[in-house]
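Colleague: I'm new to this one, so could you take me through it? I'll keep asking how you know.

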Amino acid sequence: MATSQIQHHGNSDQVARPIANFQRDVWSESILSYFPGDDRVIEAQVKELKVQVQNELIIIAASSQPLQHLISFIDTLERLGVGYHFEAEIEEALQNIYENYHSIFDANEELDLYHTSILFRVLRQHGFPISCDLFDKYKDEKGSFKESFIVEDVKGTLALYEAAHLRVRGEALLDEAVILTTTYLKKMVSQRSESDPLSSQIARALELPLHRNMPRIASRQYIEFYEQDPSHNESLLRFAKLDFNMVQSLHKQELKDHAKWWADLGIASKLRSFRERVGESYFWGYGVFFEPQYALVRKIGAQSCMLTTVVDDLYDSYGTAEELELLTQAIERWNMEALDLVPDYMKPVYEHLIIEPFEEFERDLVKDERSDCVDYSREQFKILCRSYLREARWRHAKYIPSYDEYMENAIPSIAYYFATTVCQLGLRKLNTKETCEWMSRVPKILTASCIIARLMDDIGGHKFQKERDHIASAVDCYVKQYGVSEEVACGELKKQVDEAWKDIVEEMLRPNAVPMPLLMCILNLTRVVEILYQGGEDHYTSAGANMINNVRITLIDPIPIN
């Protein structure tokens, strides 16, 4: 439960505060006790197996084997989580397929629904604007999918379901495919044994489509499915397992460093009523890029997640109206002289969680001559805090805005404008003055990501927030503006989430305005949201079994290897 409580800090008067009884941190103690092992033997095995797999990919790409062999092999590499080792080879192969796909496709008439769907999904995942006309041969005279293909081919139906989630606005055939495949897959799951590997794969896909899942979670799950496939490639499976564990060891050390950074700040002992999310904040930053070369992205992402979590809770769950006005003034001034403005209990946050990390970001980037980009991220944080303050003013005035007014402020207040800009600092030389200017124009992909984050956050946290003195959510504001029930409002907001996903897919298609890693940063941040609010629950605020399991399987527990 969450209530208003009387609290006393320093020389201030006793005041009523909108206290929330947040769940305690569940990770710090176990994380800090981690000691890395010696991975040199594993590294040697990974290098050897990588050469074998690379040679196999090159041979398949250069051979005259049917198209389905190449596209299936590429898809398997990526779903097992090792595709990042072969980016150049995969790009060359897909570029050739895309440039010649009409002739290639005509020469491969034997491509079934399963392989056609994989071809479409893989090309779109890589930004190739392949047309959904690829599925025309599966349509009836009315232009709809022939249900016979769906009924007769379970694997093909699942593949089509996954492919259709890479649709853009206006692709009615793929809209229909999502509805049709979802219906049949739910029916198939209910009729198949739970021990059937394909049934388990279908169930997980229905919970969260591949394109919306965090890559590392999807890979861990797919390794399990692949191992149960009698036709699996043993060398490739071993390579995937060893590589996953080797990279996980790196992530564990980074997680320990993050936990130590937080513990050394000493902020937790000085604050009340905030979400101490050490493991989850690293999980959030790690969700942006898992690949070893993006360590700085993960570090900056994890630290900025802790920053926004604590500051959000000050505005949302603890600070008084006067204190929050003073905090915002200090943030606008952004210097140590402004420290005297804020209440004593906020001073450690202002000094050690706001001012100092940005100074460290500048030091990290000065050798890349990109420290000027930190100014843009700093300005985005100021904009974020202005939106927090506006929400706090609404809460204190007990004002419920219209849905349109709410969303105008709620999109920046979800912190994804700021999160994207600060994570992109870790991309070093890819993050330039031009890309900052592109971000400042608020491209469609960024707006779509923020809409998804805001609406899923509000749907997931709606019930918890109603238990205390809290600003109205998107659900409340939609109910007010349109006069519908909460259930109807949630349904409509979920439709807006689906439409926003179409915009993200569209913006990822080539030609791109900025380098692909910057777009992947936005895409992956959005995928993290899908995990944090999966099933209409807020797994970040209340880390239940689902969230704990996601952290464990990706960051804590290695994959068993015989």
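Colleague: Which helix supplies the largest share of the lining of the second largest pocket?

Modeller: That's α3, with six residues. The name comes from DSSP runs numbered from the N terminus (helices are H or I over at least four residues, strands E over at least two). One thing up front: this is a predicted model, where local features need pLDDT of at least 70 and side-chain atom pairs count only at 80 or more, while totals for chains, interfaces and linings use all residues. Residues are numbered from 1 along each chain as its sequence is written, and side-chain values use heavy atoms, with hydrogens and water left out.

Colleague: What makes a space a pocket, and what makes a residue part of its lining?

Modeller: On a 1 Å grid over the protein atoms alone, a pocket is an open set of points with protein on both sides within 12 Å along at least five of seven lines; a cavity is a set where a 1.4 Å probe fits but cannot get out; and lining residues have an atom within 4 Å of a point. The second largest pocket has a volume of about 850 Å³. It has 30 lining residues, with Thr76, Tyr114, Lys155, Tyr222 and Asp229 closest to its centre. Besides α3, helices that each supply at least two of them include α2 (40-62), α8 (154-164) and α10 (197-207).

Colleague: How many of those lining residues are nonpolar, polar or charged?

Modeller: Twelve are nonpolar, ten polar and eight charged. The sorting is simple: Ala, Val, Leu, Ile, Met, Phe, Trp, Tyr, Cys and Pro are nonpolar, Asp, Glu, Lys and Arg are charged, and the others, Gly among them, are polar.

Colleague: And what is the volume of the largest pocket?

Modeller: About 1,100 Å³, where volume means the space filled by probe spheres set on grid points, joined across faces, edges and corners. It is lined by 43 residues, and Glu78, Gln125, His126, Glu291 and Met520 are the ones nearest the centre. Two or more lining residues come from each of α3 (67-79), α4 (87-99), α6 (113-125), α11 (215-228), α23 (486-508) and α24 (516-532). Here α24 has the largest share, six residues. By class, the lining has 21 nonpolar, eleven polar and eleven charged residues.

Colleague: How many cavities of 30 Å³ or more are there?

Modeller: Four. The second largest cavity has a volume of about 50 Å³. Its lining is Asp312, Tyr315, Asp316, Tyr388, Glu391, Ala392, Arg395 and Ile471. Helices α14 (295-318) and α17 each give two or more of these, and α17 gives the most, four. The classes come out as four nonpolar, no polar and four charged.

Colleague: Why are α15 and α17 called what they are, parallel or antiparallel?

Modeller: Helix α15 (residues 321-333) and helix α17 (residues 372-397) pack at about 165°, their axes 10 Å apart. That makes them roughly antiparallel. The cut-offs are under 35 degrees for roughly parallel, over 145 for roughly antiparallel, 65 to 115 for roughly perpendicular, and oblique for the rest. Angles run from 0 to 180 degrees between N-to-C directions, and axes are lines fitted to C-alpha atoms, for helices over the stretch in contact.

Colleague: So what makes α17 and α18 oblique?

Modeller: Helix α18 (residues 403-413) packs against α17 at about 135°, with the axes 8 Å apart. That angle is in none of the named ranges, so the pair is oblique. Contact means heavy atoms within 4.5 Å; here Ile383, Leu384, Ser387, Tyr388, Arg390, Glu391 and Trp394 of α17 meet Glu405, Tyr406, Asn409, Ala410, Pro412 and Ser413 of α18. Seven of the contact residues are nonpolar, three polar and three charged.

Colleague: Is the crossing of α17 and α18 left-handed or right-handed?

Modeller: Left-handed. That's the name when the near helix is turned anticlockwise from the far one by less than a right angle; clockwise is right-handed.

Colleague: Which peptide bond is cis, and how do you know?

Modeller: The one from Arg510 to Pro511, with omega near 0°. Pro511 is in the loop between α23 and α24.

Colleague: And what is the phi of Trp334?

Modeller: Near 55°, a positive value in a residue other than glycine. You'll find Trp334 in the loop between α15 and α16 (347-366).
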